[in-house]
Structures are given as structure tokens and as C-alpha cells.
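Reader: Hi! Could you walk me through this one? I'm new to reading structures.
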Amino acid sequence: MKTAAILNKNQLSKDDITHLLMLQDEHEIELLYKKADEVRKKYCGDEVHLRGIIEFSNYCEQDCLYCGLRKSNNKLKRYRMSVDEILSSAKAIHDTGIRTIVLQSGEDIYFGSEEIRDIIKSIKTKFNTAVTLSLGERSFEDYKMWKDAGADRYLLKHETANVKLYSMYHQAQSLRDRIGHLLYLKKLGYQIGSGNLIGLPFQTIEDIAEDLLLCRELDVDMASISPFIPSPYTPYKHHQSPALTDTLKTIASARIVLKDAHIPATAALSALDEKGRERGLRVGANVVMPNFTPAPYKAYYEIYPNKYLTTEDPVKRTLRITAMIESLGRRISASQGDSLKQKVLA
Ligand code: SAM
Ligand code: SF4
């Protein structure tokens with residue numbers, strides 16, 4: 001009864017979200033999923049947006065306790081793609097019909113401000129695509145230069161809204177700074193993406209409810225909600241991933257709380273479960289990010305071990321993802337998939 005009443009509310013409180021995240025009864029969980037799917041349909045429609053991702057460097061200055069790319073991991077083979085390799089992956093994404101290119105890396109200042117600016121300019125000149133950057137925290141001057149060069153979006157997850165846990169996981173960084181960066185990016189006109197990890201060591205359900213509230217407060221254009229996957233050679237290698245159901249309940253609750261924000265069915269979801277992406281799309285997600293990082297680099301971008309990692313060519317993999325999406329009665333968007341803020345479909 002309480003669950004049905006919460007699902008009918010327009011604005012959910014922290015207690016409401018906590019209640020949804022704690023659901024155990026299968027029938028009530030199904031009610032949550034059904035509501036999330038209805039909200040997705042109302043605010044986002046049946047289109048699924050594809051974003052092609054290029055992981056161009058796995059060097060990182062940071063030491064996030066949960067991440068396999070952390071600088072203390074000296075077992076990882078490091079790489080940087082050349083500008084030509086980045087542009088040829090961008091071409092492969094564009095040729096596949098995908099209209100967003102995501103440039104992602106560790107925090108790697110070897111790629112200087114001007115070099116990133118020139119890569120953005122080349123992509124925007126050659127191809128008709130949106131450009132999303134996911135390069136970690138950089139200087140405010142860099143963000144401005146890259147916006148002026150044509151970058152459209154910036155993905156910088158807050159990871160956890162718990163101040164103490166944030167400082168524990170990221171010893172050289174603070175939650176306050178992270179939020180400051182997100183607000184500045186928004187002020188510059190970027191569409192911003194944030195989000196969190198689910199199942200981090202010491203995190204509580206209330207912390208996850210706060211994560212969703214922070215995304216709402218920041219009015220994010222995109223929220224990436226993904227499960228923590230333990231990574232060898234990190235301090236958290238012996239901790240467990242969350243159950244798929246806990247992840248799906250969070251995605252579904254995020255859809256209800258955030259309404260029109262883009263929500264991806266992340267790669268981590270498919271690392272957790274072979275059908276993870278499909279399940280995510282059924283409970284509120286409306287974005288998929290096919291990986292276009294070429295071999296041999298892709299295998300070295302080992303944030304966490306991916307038991308379903310394939311050597312399949314990115315174009316073939318995208319076709320397989322497209323078929324899966326269409327089998328759900330959804331269709332692939334032909335647009336750049338900009339922010340849906342304020343746009344309610346009839
Ligand atoms: N360095 C940039 C940053 O941190 O924003 C972009 C690359 S980073 C690898 C991208 C995302 O990977 C992070 O936002 C984090 O949420 C996620 N990640 C890191 N370690 C993870 C793990 N063990 N399990 C799941 N996701 C993880
Ligand atoms: Fe570096 Fe990003 Fe991994 Fe942190 S999450 S160690 S910033 S790649």
C-alpha cells in the first residue's frame with residue numbers, strides 16, 4: 001500500500017526513495033519497475049540514444065580507491081591513443097550513424113588543454129555529432145576553452161553524495177569541489193552528466209537516496225547510475241558487487257525522481273550480468289554507450305574486469321545492441337540526443 005502511494009507522488013522525499021530502494025517483495029518491485037518504465041515513456045519516449053565512446057588514455061593522476069585505472073596500480077599496461085587513432089575511431093562512430101562521441105580518459109594532463117581543444121575542433125568540423133567529454137576534473141580555463149571549441153556535454157560523476165565517504169575514496173579530492181566543477185560546467189552551457197556508484201564499501205541505502213536527491217538538485221541532464229565492480233590491484237578487490245536487483249531498483253527510482261534526465265544502461269551493468277543492459281532499458285534507462293575503443297587498447301582500459309568483454313568489432317557489436325533494443329519495441333534515435341529538460345512528450 002505504502003509503495004503504491006509513493007509511486008503516485010509527484011516529488012519523492014528521502015524517506016520515499018529509501019523505501020523504494022529497500023523493497024524486497026517481488027510484486028512491489030515489479031510495481032516500481034512498471035512505474036519507472038511509464039515515466040521513461042512519458043518523458044523520454046521510446047527512442048534510445050546511442051553514444052559511441054572512445055577511451056583514449058588509461059593514464060590517471062588520481063587514486064580513487066575503487067578504480068582499476070588508479071595511479072597506484074602498477075600492474076596495468078598503460079596507453080595513450082594518437083590523435084590520428086582518436087579521429088579514426090570518431091569516424092567509425094559517425095559512419096555507424098551514431099551522433100554523439102564521448103571522449104573518455106583517466107585524469108591525464110599529458111593531453112594538454114590545446115591538444116584536447118584541437119581534437120574537439122577536428123571532430124566538430126569533420127562530423128555531424130555532439131561531443132561529450134569525460135576527462136575527470138580539469139581547470140576551469142580548460143572547461144571554457146573546450147566549450148568554445150564546440151564541446152557539448154561533460155560527464156563528471158559525483159560518485160557518492162556522502163562527504164565522508166567521498167573523501168575516503170578520493171583522498172586528494174573533495175565532494176565540495178566536485179559539485180563546484182559541475183555547477184561551473186553548467187554555467188558555461190554544457191549539458192552536464194553526474195551520477196553515482198552503487199554498492200561501494202561502507203555505503204548505505206540512505207547514501208544512495210542522497211545520490212538521487214543530489215542529481216535532482218543539480219538538475220542534471222544525464223545521470224549515470226552504475227554498480228561497483230571489484231577490481232584486482234585496488235584496495236577494494238575483495239568487496240562484492242551489489243545484486244543486479246539493487247542496481248535495477250536504483251535505476252528505476254532515479255527515473256521516477258529525475259523524470260526527463262537521460263539515464264544510460266551502463267557497461268558496468270552488462271559487466272554484472274549478460275542481460276544487464278536490456279534489464280536496465282526495461283526499468284527506466286534510455287541511453288546505451290557502445291564502446292569504440294580499438295584493440296589492443298580496449299582490453300587495457302580495465303576499470304574493472306569485464307567477464308563479457310568481447311573482441312567483436314565495434315560495428316558488429318553496435319548492430320547486436322541495436323537488434324536487442326528493437327526487440328524491446330524501442331527504436332534508435334537518429335538525433336544527437338540532446339538534453340530533454342522541460343520537453344514532455346504528448
Ligand atoms: N577519469 C574520469 C572520471 O573519473 O570521471 C573518467 C574515467 S572513469 C574510469 C569513469 C567512471 O568509472 C567513474 O565515474 C566511475 O564511476 C567508474 N568506475 C571506476 N571504478 C569503477 C568500478 N570499480 N566499478 C564500476 N565503475 C567504476
Ligand atoms: Fe582516475 Fe577516473 Fe579511475 Fe578515478 S575513476 S582513478 S579519476 S580513471
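Author: Happy to! What follows is a short chat about a strand, its partners and one serine, all in a predicted model.

Reader: Great. Is strand 6 buried or exposed?
Author: Of the 8 residues of strand 6 (residues 191–198), 8 are buried, so the strand is largely enclosed by the rest of the structure.

Reader: Which residues point which way from it?
Author: Gln191, Gly193, Gly195 and Leu197 point one way, while Ile192, Ser194, Asn196 and Ile198 point the other way. Both sets are buried.

Reader: Which residue stands opposite Gln191?
Author: That's Arg153. Strand 5 (residues 153–155) runs parallel to strand 6, and 3 bridges join them.

Reader: And how many bridges pair strand 6 with strand 7?
Author: There are 6 bridges, again in the parallel sense, and strand 7 covers residues 222–227. For example, Gly193 has Met222 of strand 7 as its bridge partner.

Reader: What do strand 6, helix 9 and strand 7 make?
Author: Together they make a right-handed β-α-β unit, with helix 9 spanning residues 205–218.

Reader: New topic! Where does Ser89 lie?
Author: Ser89 is in helix 4, which spans residues 83–95.

Reader: Why does Ser89 count as buried?
Author: Its relative accessibility is 5%, and buried means under 20%, so Ser89 makes the cut.

Reader: Which residues is Ser89 in contact with?
Author: Setting aside neighbours within four places in sequence, Ser89 is in contact with Ile54, Met81, Phe292 and Pro294.

Reader: And what separates Ser89 and Ile101?
Author: They are 12 residues apart along the chain, and their C-alpha atoms are separated by 9.4 Å.

Terms used
Residues are numbered from 1 along each chain as its sequence is written. Chains are lettered from A and ligands numbered from 1 in the order in which they are written. This is a predicted model: local features need pLDDT of at least 70, side-chain atom pairs count only at pLDDT 80 or more; totals for chains, interfaces and linings use all residues. Side-chain values use heavy atoms; hydrogens and water are left out. Buried means under 20% relative accessible area, exposed over 50%, partly exposed in between (1.4 Å probe, protein chains only). Helices (H or I, at least four residues) and strands (E, at least two) are DSSP runs, numbered from the N terminus. Two strands pair if DSSP finds at least two bridges between them. A crossover is right-handed if, with the strands pointing away from the viewer, the path from the first strand over the helix to the second runs clockwise. Contact means heavy atoms within 4.5 Å.
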